[in-house]
Amino acid sequence: MAGDATADRAAETGRPDDRPGRKALAALDRVLAHRPKKDDHAFSQATLCLTAFRDELIEGHRRQACTRERLTHLNGVLSVVLAGHFPLGDVPWSELDKARGWLSDLLDAVEPD
């Protein structure tokens, strides 16, 4: 499974928060806690963490350890975060809350605690 490599790395370092998916969730939690107007560093950090997690899922997909469905799921989360980072109007906070839940569900499947 794609989470195997990250779980192994977390076991080596002793810090599960080093896993890209968990970092992405923490970064998204910071965005939701502070609710910046737009184009804030917290959004940038969340985007960077999400793309690092996506890179790991892509690697897992190449090894046939991750499904395309999971990649599609994560791309949906990333799209919502980018919409919040660069909104055409108000930041879509309710959609960001939903995306946080989607990411959490994905992490439960890919990077279990």
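Here is a short note that walks through this predicted model point by point.

1. **The overall plan.** Let us begin with the whole chain. The model has 5 helices and 0 strands, so reading along the sequence gives the pattern α-α-α-α-α. Of the 113 residues in the chain, 42% are buried. Among contacts with a separation of 6 or more, 70% join residues that lie 24 or more positions apart. Keep that last value in mind when you meet L103 and R35 below.

2. **Helix α2.** This helix covers residues 20-34, which is 15 residues in total. From its first C-alpha to its last it reaches 21 Å, close to the 21 Å expected at 1.5 Å a residue. Its buried residues are P20, G21, R22, A24, L25, A27, L28, V31 and L32. Try finding them in the viewer, and notice that R22 is on the list of buried residues.

3. **The residue after α2.** Which residue follows α2 with a positive phi? That is R35, with phi near 45°. R35 sits in the loop between α2 and α3. Its relative accessible area is 38%, which is why R35 is classed as partly exposed. Leaving aside neighbours within four places in sequence, R35 is in contact with W93 and D97. R35 and W93 are 58 residues apart along the chain, yet their C-alpha atoms are separated by 7.9 Å.

4. **Helix α3.** Does the length of this helix agree or disagree with what its residue count suggests? With 22 residues at 1.5 Å each, α3 should span 32 Å, and the end C-alpha atoms are 32 Å apart, so the two agree. The buried residues here are A42, F43, A46, T47, C49, L50, F53, E56, L57 and G60. After α3 comes Q64, which has a positive phi near 60°.

5. **Helix α4.** Here 18 residues reach 25 Å from the first C-alpha to the last, close to the expected 26 Å. R70, L71, L74, V77, L78, V80, V81, G84 and H85 are buried in α4. What covers them includes α2, α3 and α5.

6. **How α3 meets α5.** Two packed helices are described by the angle between their axes and the distance between the axes. The axes of α3 and α5 come within 13 Å and cross at roughly 35°, and the crossing is left-handed. On the α3 side the contact is made by F43, L50, F53 and L57. On the α5 side it is made by W93, L96, L103, L106, L107 and V110. Sorted by class, this contact has 10 nonpolar, no polar and no charged residues.

7. **The largest nonpolar core.** This core has 28 residues, and those touching the most other members are L50, F53, L57, L74, V81, L96 and L103. The elements giving two or more residues to this core are α2, α3 (41-62), α4 (68-85) and α5 (93-110). L96 is a good place to look: not counting residues up to four places away in sequence, L96 touches L28, L32, F43, V80, V81, G84 and V91.

8. **A closer look at L103.** This leucine is found in helix α5. Is L103 buried or exposed? Its relative accessibility is 0%, and buried means under 20%, so L103 counts as buried. Not counting residues up to four places away in sequence, L103 touches A24, L25, L28, L50, F53, L74 and V77. L103 and R22 are 81 residues apart along the chain, while their C-alpha atoms are separated by 9.3 Å.

9. **What to take away.** If you remember one picture, let it be the core to which α2, α3, α4 and α5 each give two or more residues. L103 and L96 are among the core residues that touch the most other members, and both also take part in the contact between α3 and α5.

How values were computed: Residues are numbered from 1 along each chain as its sequence is written. This is a predicted model: local features need pLDDT of at least 70, side-chain atom pairs count only at pLDDT 80 or more; totals for chains, interfaces and linings use all residues. Side-chain values use heavy atoms; hydrogens and water are left out. Helices (H or I, at least four residues) and strands (E, at least two) are DSSP runs, numbered from the N terminus. The expected span of a helix is 1.5 Å times one less than its number of residues. Buried means under 20% relative accessible area, exposed over 50%, partly exposed in between (1.4 Å probe, protein chains only). A nonpolar core is a set of buried Ala, Val, Leu, Ile, Met, Phe, Trp, Tyr and Cys residues joined through side-chain atoms within 4.5 Å. Contact means heavy atoms within 4.5 Å. Axes are lines fitted to C-alpha atoms, for helices over the stretch in contact, and angles run from 0 to 180 degrees between N-to-C directions. A crossing is left-handed if the near helix is turned anticlockwise from the far one by less than a right angle, and right-handed if clockwise. Ala, Val, Leu, Ile, Met, Phe, Trp, Tyr, Cys and Pro count as nonpolar, Asp, Glu, Lys and Arg as charged, and the others, Gly among them, as polar.
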